[in-house]
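Reader: I am new to this structure and should like to understand the grounds for the terms used to describe it. May I put some questions in turn?

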2 protein chains.
Amino acid sequence: MTALAHRTPSQAAFGGVLRSFGLIHRVMRPYFHQFGLSQAQWAILRTLHRAATEEGRTEGLRMMEIGQRLLVQPPSVTTLVHRLVKARLVRQVKASTDRRGFMLRLTPKGEKLVNRVLLAHHNQIRLVMGGLADDELPRLHGYLERLNTHLAALAAKIPATLD
Amino acid sequence: MTALAHRTPSQAAFGGVLRSFGLIHRVMRPYFHQFGLSQAQWAILRTLHRAATEEGRTEGLRMMEIGQRLLVQPPSVTTLVHRLVKARLVRQVKASTDRRGFMLRLTPKGEKLVNRVLLAHHNQIRLVMGGLADDELPRLHGYLERLNTHLAALAAKIPATLD
DNA sequence: AGTTGATGTTTAGGAGACTAATCACTTTAC
DNA sequence: GTAAAGTGATTAGTCTCCTAAACATCAACT
């Protein structure tokens with residue numbers, strides 16, 4: 001009918017990101033389920049593992065830090081971590097200097113599970129991203145990185161307008 | 001420590017998509033909130049509007065069809081639509097031929113709201129995707145389209161293995 | 001020392017997503 | 001024409017995420 005039926009480049013790319021996420025979620029859910037994990041739970045385990053092995057944060061991470069890295073609010077971290085603690089994959093270590101909070105670390109059981117997942121992860125991610133050629137992946141990543149920098153600035157600005 | 005700390009191109013691009021989605025969600029939530037909508041509710045209204053105006057589906061869409069288009073399972077559609085019906089934005093029309101289901105259409109109030117959102121939408125999406133130049137957006141979209149085709153094939157294959 | 005304010009986490013309540021099971025109808029097959 | 005299989009939608013129960021409000025502790029100022 002009208003010529004406005006066509007989507008602009010912005011809208012097409014925007015929709016592409018949303019759809020990619022939805023499809024990735026669909027593919028990754030059964031994968032994580034193999035290990036008895038959800039995507040959100042894996043994200044926390046991986047974050048703790050990375051902090052310990054790649055950043056030397058042997059004392060662990062605070063709840064808040066995890067939330068910031070995963071773009072998730074504190075209450076979400078609370079319940080998620082609570083389940084992981086019950087499953088003996090994560091433990092809370094009292095910080096002697098500040099009795100409000102504590103540090104989160106992987107238990108030996110948690111580390112073992114993370115290593116088991118990591119063994120399969122390389123191939124799984126390659127499978128998921130297999131629609132693109134080796135020289136295209138860095139370009140896609142480059143676009144997304146710049147988009148994400150822009151989005152982070154936008155996201156940081158918006159809550160301030162509600163004051 | 002180890003050389004394995006670096007992420008592969010697949011992992012970097014994969015993480016980029018997840019982060020883009022998270023940041024987009026953060027930016028779009030308050031935007032939709034202006035109109036009293038959530039992102040999921042808007043997706044349904046927009047889907048019904050597109051079907052009616054661009055596809056000539058004046059009779060409306062079935063619950064199932066909405067779920068398929070939005071990559072969402074039937075129970076999610078049920079509760080979401082129920083709220084929109086209560087808000088008088090959507091109505092269920094009995095299909096005379098099949099008494100199991102019904103067709104969903106926008107009410108006049110719903111159409112008015114969709115048009116009001118669409119007025120702002122162009123600019124909002126441009127703002128969100130503003131981190132990229134005009135000639136980059138189609139390239140990003142191209143990559144995502146091919147990725148999504150690949151992912152859709154993967155997603156279609158996986159549930160079959162559970163039979 | 002004692003309020004005041006800032007910070008870290010939890011609680012309460014709600015929306016959106018899922019799976020598995022159920023209900024209501026249609027269609028198919030005997 | 002009735003039983004069986006299939007299809008459209010809902011219910012029940014769980015998980016993840018949110019905002020707003022409470023709670024607990026720390027820091028700072030008088």
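Reader: Which element gives the most to the surface near DNA strand D?

Author: In this predicted model, helix 4 of chain A gives the most to that surface, with 5 residues. Residues count as near the strand when the C-beta atom lies within 6 Å of it, and 22 residues surround DNA strand D. The closest are A:Gln73, B:Met63, B:Pro75, B:Thr78 and B:Gly101. Two or more residues each come from helix 2 (39-54) and helix 4 (74-86) of chain A, and from helix 3 (63-70) and helix 4 (74-86) of chain B. By class, the surface near DNA strand D has 9 nonpolar, 7 polar and 6 charged residues.

Reader: Which residues come nearest to DNA strand C, and which element supplies the largest share of the surface near that strand?

Author: Of the 21 residues around DNA strand C, the nearest are A:Met63, A:Pro75, A:Gly101, B:Ser38 and B:Gln73. Helix 3 (63-70) and helix 4 of chain A, with helix 2 and helix 4 of chain B, give two or more residues each. The largest share is that of helix 4 of chain B, with 4 residues. The surface near DNA strand C divides into 9 nonpolar, 6 polar and 6 charged residues.

Reader: What makes the relation between chain A and chain B that of a two-fold axis?

Author: Two copies of a chain are related by a rotation about an axis and a shift along it. Here a rotation of 180 degrees with 0.0 Å of shift along its axis superposes chain B on chain A, with an RMSD of 0.1 Å. This is therefore the relation of a two-fold axis.

Reader: How do you know that the copies meet through the same surface?

Author: The contact takes 51 residues from chain B and 51 residues from chain A. Because 100% of the interface residues of chain B are also interface residues in chain A, the copies meet through the same surface.

Reader: Which helix of chain B gives the most to the side that touches chain A?

Author: Helix 1 of chain B gives the most, with 18 residues. The residues on that side of chain B comprise 29 nonpolar, 14 polar and 8 charged.

Reader: Which residues have the most contacts inside the largest nonpolar core?

Author: That core has 34 residues, and those with the most contacts inside it are A:Ala13, A:Val17, A:Ile24, B:Ala13, B:Val17, B:Ile24 and B:Met129. Helix 1 (9-33), helix 5 (108-128) and helix 6 (137-157) of chain A give two or more residues to the core, as do helix 1, helix 5 and helix 6 of chain B. Beyond its neighbours within four places in sequence, B:Met129 is in contact with A:Ser10, A:Ala13, A:Phe14, A:Leu147 and B:Leu137.

Reader: Why is A:Arg88 called exposed, and why is B:Leu71 called partly exposed?

Author: A residue is exposed if 12 or fewer other C-beta atoms lie within 10 Å of its own, and buried if there are 20 or more. A:Arg88 has 11 C-beta neighbours inside 10 Å and therefore counts as exposed. B:Leu71 has 17 other C-beta atoms within 10 Å, so B:Leu71 is partly exposed.

Reader: Where do A:Arg88 and B:Leu71 lie, and what is the phi of A:Arg88 and of B:Leu71?

Author: Most residues other than glycine have a negative phi. A:Arg88, in the loop between helix 4 and strand 1 (90-94) of chain A, has a positive phi of about 65 degrees although it is not a glycine. B:Leu71, in the loop between helix 3 and helix 4 of chain B, has a positive phi near 60 degrees.

How values were computed. Residues numbered from 1 in each chain as written. Chains lettered and ligands numbered in written order. Predicted model: local features only at pLDDT ≥ 70, side-chain atom pairs only at ≥ 80, totals over all residues. Contact = placed C-beta atoms within 7 Å. Nonpolar A, V, L, I, M, F, W, Y, C, P; charged D, E, K, R; others polar. Core = buried A, V, L, I, M, F, W, Y, C linked by C-beta atoms within 7 Å. Least-squares fit on C-alpha atoms with pLDDT ≥ 70 in both.
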